[in-house]
Amino acid sequence: MNRLNIVKEAPGRFIVDGDLTFASLDKPTIQSFAFLTPGKDIIMDLGGVGNADSAGLALLIEWLKHARSKRVQLQLRNVPEAILNIAKLKIVRASGSEIL
């Protein structure tokens, strides 16, 4: 398990590395929205993320919801394949399609 780190690379640009998993996310990380400055455009590069699970997807959704409430344009780049696959599965389930 690698702890999640959010590193400011440049104004409005952050690099996320470590794991986006239930085991690696602690309460301060989950509640940390300091990078979401109202009125700014923010880019989060997730290319450094190792392992990811549904907890990681939930965190990204929370960041997006918080950004919207603060009128921040949040762009997520290099989203891990594992998170994209979980999101696709959740969409299929929500549509009522059968999953085999």
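Which elements of the chain have the lowest and the highest mean pLDDT? Colour this predicted model by confidence before selecting anything else: helix α1, residues 27-30, has the lowest mean pLDDT among the elements, at 70, while strand β3, residues 41-52, has the highest, at 94. For the chain taken as a whole, the mean pLDDT is 84, and 86% of the residues reach 70 or more.

**The whole chain**

Switch next to a cartoon view and follow the chain from its N terminus, where the order of elements reads β-β-α-β-α-β-α, giving three helices and four strands. Of the 100 residues in the chain, 31% are buried. If a surface is displayed, its accessible area comes to about 6400 Å², with 53% belonging to carbon and sulfur atoms. Among contacts between residues at least 6 apart in sequence, 69% join residues at least 24 apart, and several of the stops below illustrate pairings between distant parts of the sequence.

**The nonpolar core**

Select L20, I42, M44 and W63, which are the residues with the most contacts inside the largest nonpolar core, a set of 21 residues. Strands β2 and β3 and helix α2 are the elements that give two or more residues to this core, and the largest share, six residues, comes from α2. In soluble globular proteins, nonpolar side chains tend to be buried together.

Keep I42 selected and display its surroundings: leaving aside neighbours within four places in sequence, I42 is in contact with G12, F14, F35 and L36, and also with V72, Q73, L74 and Q75.

**A55 and the segment it meets**

Move to helix α2, residues 54-69, and pick A55. Is A55 buried or exposed? With a relative accessible area of 18%, which is under the 20% limit, A55 counts as buried. Once residues up to four places away in sequence are set aside, A55 touches T21, F22 and L25. A distance drawn between the C-alpha atoms of A55 and F22 should read 5.1 Å, although these two residues are 33 apart along the chain.

From here select S24, which is found in the loop between β2, residues 13-20, and α1. S24 is buried, with a relative accessible area of 6%, and a polar atom of the S24 side chain lies 2.6 Å from the backbone oxygen of D19.

**The salt bridges**

Show the charged side chains next; how many salt bridges does the count come to? The count is three. Side chains of opposite charge can pair when their charged atoms come close.

Begin with R13 and E9, whose side chains meet in a salt bridge at 2.4 Å from N to O. Both residues are partly exposed, R13 at 24% relative accessibility and E9 with a relative accessible area of 45%. R13 also meets the side chain of D45 in a salt bridge, here at 3.4 Å from N to O. Because D45 lies in strand β3 and R13 in strand β2, this pair ties together parts that are 32 residues apart in sequence. D45 itself is buried, with a relative accessible area of 14%.

For the remaining pair, return to helix α2 and select E62 and K65, whose closest N and O atoms are 3.1 Å apart in a salt bridge. These two residues are three apart in the helix, so about one helical turn separates them. E62, at 34% relative accessibility, counts as partly exposed, and so does K65, at 48%. Selecting E9, R13 and D45 together then displays the one network into which salt bridges with shared partners join them.

**Two residues with positive phi**

Finish in the loops on either side of strand β4, residues 73-77. Most residues other than glycine have a negative phi, and most peptide bonds are trans. Which value does phi take at R71? Phi of R71 is near 60°, a positive value in a residue other than glycine. R71 sits in the loop between α2 and β4 and is exposed, with a relative accessible area of 74%.

The last selection is N78, in the loop between β4 and α3, residues 81-94. N78 likewise has a positive phi, of about 55°, although it is not a glycine, and N78 is exposed, with a relative accessible area of 51%.

Technical notes:
Residues are numbered from 1 along each chain as its sequence is written. This is a predicted model: local features need pLDDT of at least 70, side-chain atom pairs count only at pLDDT 80 or more; totals for chains, interfaces and linings use all residues. Side-chain values use heavy atoms; hydrogens and water are left out. Buried means under 20% relative accessible area, exposed over 50%, partly exposed in between (1.4 Å probe, protein chains only). Contact means heavy atoms within 4.5 Å. Accessible areas come from the Shrake-Rupley method with a 1.4 Å probe; for residues, only the protein chains shown count as cover. pLDDT is the predictor's confidence in each residue, from 0 to 100. A polar contact is a pair of N or O atoms within 3.5 Å; within protein, one must be able to donate a hydrogen and the other to accept it, and residues adjacent in sequence count only if both atoms are side-chain atoms. A nonpolar core is a set of buried Ala, Val, Leu, Ile, Met, Phe, Trp, Tyr and Cys residues joined through side-chain atoms within 4.5 Å. A salt bridge is a side-chain nitrogen of Lys or Arg within 4 Å of a carboxyl oxygen of Asp or Glu.
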